[in-house]
Amino acid sequence: MDSAIFLDMRLLRVAAIPLIISILFYGKAGTLVSNLGILALFLLLNGFLVMLPRLLSQGNKDSKMMSMLDALFIGLGGAVGVIPGFSRTGAMTAFGLARGAERSYALDLALLLGIPSMAGV
């Protein structure tokens, strides 16, 4: 078996911690939708968040180079996705790129972390 799979599982477990905690705030964050001005602001901030990594230099970290802190930071990006108007996958990808991950690897992690998020775990 490939050792990269075990490293990915380790990173996924650490990154899932903020996602699991953010589920506790899901109902509270949903009340923000009642004000359309706030929702519009969050959509605008999401656009900036998703475009921000294009301004950063290209990262080169893969599963062997990513640390637990990097994974936790990516998980925090997913926790931002609880706020209405923010893209969970976009935020996790942007946070991963901000930590120096390769673009394809950051997107892979974000999509894999989306599975437990969508399942409501």
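What share of the contacts in the chain with a separation of 6 or more is accounted for by residues 24 or more positions apart? In this predicted model, residues 24 or more positions apart account for 74% of those contacts.

**Overall architecture**

The chain contains six helices and zero strands, and when it is read along the sequence it follows the pattern α-α-α-α-α-α. Its C-alpha trace spans about 50 × 35 × 20 Å along the principal axes. For 121 residues, a compact globule would have a radius of gyration near 14 Å, and the 15 Å of the chain therefore agrees with that expectation. Of these 121 residues, 36% count as buried.

**The pair H4 and H5**

Helix H4, which covers residues 68–80, packs against helix H5, which covers residues 88–98, at an angle of about 155°, and the axes of the two helices are 7 Å apart. Because angles over 145 degrees count as roughly antiparallel, H4 and H5 are roughly antiparallel to each other. Their crossing is right-handed. On the H4 side the contact is formed by Phe73, Ile74, Leu76, Gly77, Gly78 and Val80, which meet Arg88, Ala91, Met92, Phe95, Gly96 and Ala98 on the H5 side. By class, the residues of this contact divide into eight nonpolar, three polar and one charged.

Helix H5 also holds Thr93, a residue that counts as buried because its relative accessibility is 14%. Once residues up to four places away in sequence are set aside, Thr93 touches Ala106, Leu107 and Ala110.

**Residues in the loops and in H1**

Where does Ile83 lie with respect to H4 and H5? Ile83 is found in the loop between these two helices, and with a relative accessible area of 27% it is partly exposed. If neighbours within four places in sequence are left aside, Ile83 is in contact with Ala29, Leu32 and Phe42. The C-alpha atoms of Ile83 and Thr31 are separated by 9.6 Å, although the two residues are 52 residues apart along the chain.

Leu55 belongs to another loop, the one between helix H3 (36–51) and H4, and it counts as exposed, with a relative accessibility of 72%. Gly96, which was listed above among the H5 residues that meet H4, is 41 residues from Leu55 in sequence, and the C-alpha atoms of the two are 14 Å apart in space.

Met9 has its place in helix H1, which runs over residues 3–22, and at 41% relative accessibility it counts as partly exposed. From Met9 to Gly27 the separation is 18 residues in sequence and 29 Å in space, C-alpha to C-alpha.

The three residue pairs are set side by side below, with each separation given along the chain and in space.

| Pair | Separation in sequence | C-alpha to C-alpha distance |
|---|---|---|
| Ile83 and Thr31 | 52 residues | 9.6 Å |
| Leu55 and Gly96 | 41 residues | 14 Å |
| Met9 and Gly27 | 18 residues | 29 Å |

**Taken together**

Which handedness does the crossing of H4 and H5 have? The crossing is right-handed, and the loop that links these helices carries Ile83, whose contacts include Phe42. Thr93, at 14% relative accessibility, counts as buried, whereas Leu55, at 72%, counts as exposed.

Notes
Residues numbered from 1 in each chain as written. Predicted model: local features only at pLDDT ≥ 70, side-chain atom pairs only at ≥ 80, totals over all residues. Heavy atoms only, no water. Axes fitted to C-alpha atoms, helices over the stretch in contact; angles between N-to-C directions. Helix = DSSP H or I, 4+ residues; strand = E, 2+ residues; numbered from the N terminus. Parallel < 35°, antiparallel > 145°, perpendicular 65-115°, else oblique. Left-handed = near helix turned anticlockwise from the far one by under 90°. Contact = heavy atoms within 4.5 Å. Nonpolar A, V, L, I, M, F, W, Y, C, P; charged D, E, K, R; others polar. Buried < 20%, exposed > 50% of the residue type's maximum accessible area, 1.4 Å probe, protein only. Rg over C-alpha atoms; globule rule 2.2 N^0.38 Å.
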